[in-house]
Structures are given as structure tokens and as C-alpha cells.
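Colleague: I am new to this structure and should like to learn how its features are read. May we look at it together, one topic at a time?

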Amino acid sequence: GVGIFAVGIAQTFQQVRKHVYHDADNLDTAFDAGGKVSIGLTATTIVSQWTWSATLLQSSTVASKYGISGPYWYAGGATIQIIIFSILSIMLKTRAPGAKTFLQVRSCPRV
């Protein structure tokens with residue numbers, strides 16, 4: 001029941017994207033809207049997708065071990081990871097614009 005309903009909704013959204021917005025169903029539009037997204041938004045999205053699940057789990061573990069101040073201290077240490085990933089994402093986006101895979105990044109000329 002629910003699965004069939006979910007599939008129906010997904011198919012409806014796909015048809016709307018195809019016929020109303022004339023959106024090409026390819027890798028470019030699936031990940032970054034065909035390159036029409038700014039560098040900052042792309043970097044933020046990648047960082048949040050990479051880190052949210054592990055950070056949530058570890059923060060809960062620290063809270064159960066050290067109390068209410070544990071997640072705050074953990075978040076303070078986790079900001080370094082977020083800053084480094086943001087810088088890395090921006091560097092990749094500027095040095096290899098349009099690259100979608102690791103091999104495409106490697107084949108770009110060095111700057």
C-alpha cells in the first residue's frame with residue numbers, strides 16, 4: 001500500500017520535472033542542477049552529506065557518557081573537520097569545474 005503510493009509520487013515528480021521544467025534526466029542535473037549552483041552551496045551540501053550521520057551518532061554517544069556538555073565539546077572539535085572539507089570542496093570546484101568523478105578531477109590541468 002504505502003510502497004506503491006511512494007512509487008506513484010516519485011513517478012509523478014519525475015514526469016513533472018521532465019514535461020513541465022524540461023529537465024534532462026542525467027548526472028549533471030541530479031547532483032548540482034547542471035552546474036548552475038554556486039561554489040559555496042555545493043561545498044556546504046557536500047560537507048553536510050558527508051558528515052551528518054557520523055556526527056549525530058558520535059554526539060549522542062558523547063552525551064550519554066559525559067552529560068549535557070559532551071555534545072558541545074564534541075561540536076567544537078568537529079568544526080575543524082567541517083572547515084577542512086569546505087576548503088577541499090571549494091578547491092576541487094575551482095580547479096576542476098564541471099568534474100563529476102575522481103578521474104575527471106585527476107585529468108584536469110594543474111593550476
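Colleague: How is the accessible surface of the protein to be read, and what share of it belongs to carbon and sulfur atoms?

Modeller: This is a predicted model, and the values are computed from it. The accessible surface amounts to about 8800 Å², and carbon and sulfur atoms account for 68% of it.

Colleague: What percentage of the residues count as buried?

Modeller: A residue counts as buried when its relative accessible area is under 20%. Here that applies to 10% of the 111 residues of the protein.

Colleague: Which secondary structure elements does the protein contain, and in what order do they run?

Modeller: There are five helices and zero strands. Read from the N terminus, the order is α-α-α-α-α.

Colleague: How does the span of helix 3 relate to the expected value?

Modeller: The expected span rests on 1.5 Å a residue, which gives 40 Å for helix 3. This helix covers residues 39–66, 28 residues in total, and its first and last C-alpha atoms lie 38 Å apart, close to that expectation.

Colleague: Where is the kink in helix 3 centred?

Modeller: The kink is centred on Thr-51 and comes to about 45°. Thr-51 is also one of the buried residues of helix 3; Thr-42, Ala-43, Val-47, Ser-59 and Val-62 are buried as well.

Colleague: Against which element do these buried residues pack?

Modeller: They pack against helix 4, residues 70–95.

Colleague: What phi does Gly-67 take, just after helix 3?

Modeller: Gly-67 has a positive phi of about 90°.

Definitions and conventions
Residues are numbered from 1 along each chain as its sequence is written. This is a predicted model: local features need pLDDT of at least 70, side-chain atom pairs count only at pLDDT 80 or more; totals for chains, interfaces and linings use all residues. Side-chain values use heavy atoms; hydrogens and water are left out. Helices (H or I, at least four residues) and strands (E, at least two) are DSSP runs, numbered from the N terminus. Buried means under 20% relative accessible area, exposed over 50%, partly exposed in between (1.4 Å probe, protein chains only). Accessible areas come from the Shrake-Rupley method with a 1.4 Å probe; for residues, only the protein chains shown count as cover. The expected span of a helix is 1.5 Å times one less than its number of residues. The bend at a residue is the angle between axes fitted to the seven residues ending there and the seven starting there. Contact means heavy atoms within 4.5 Å.
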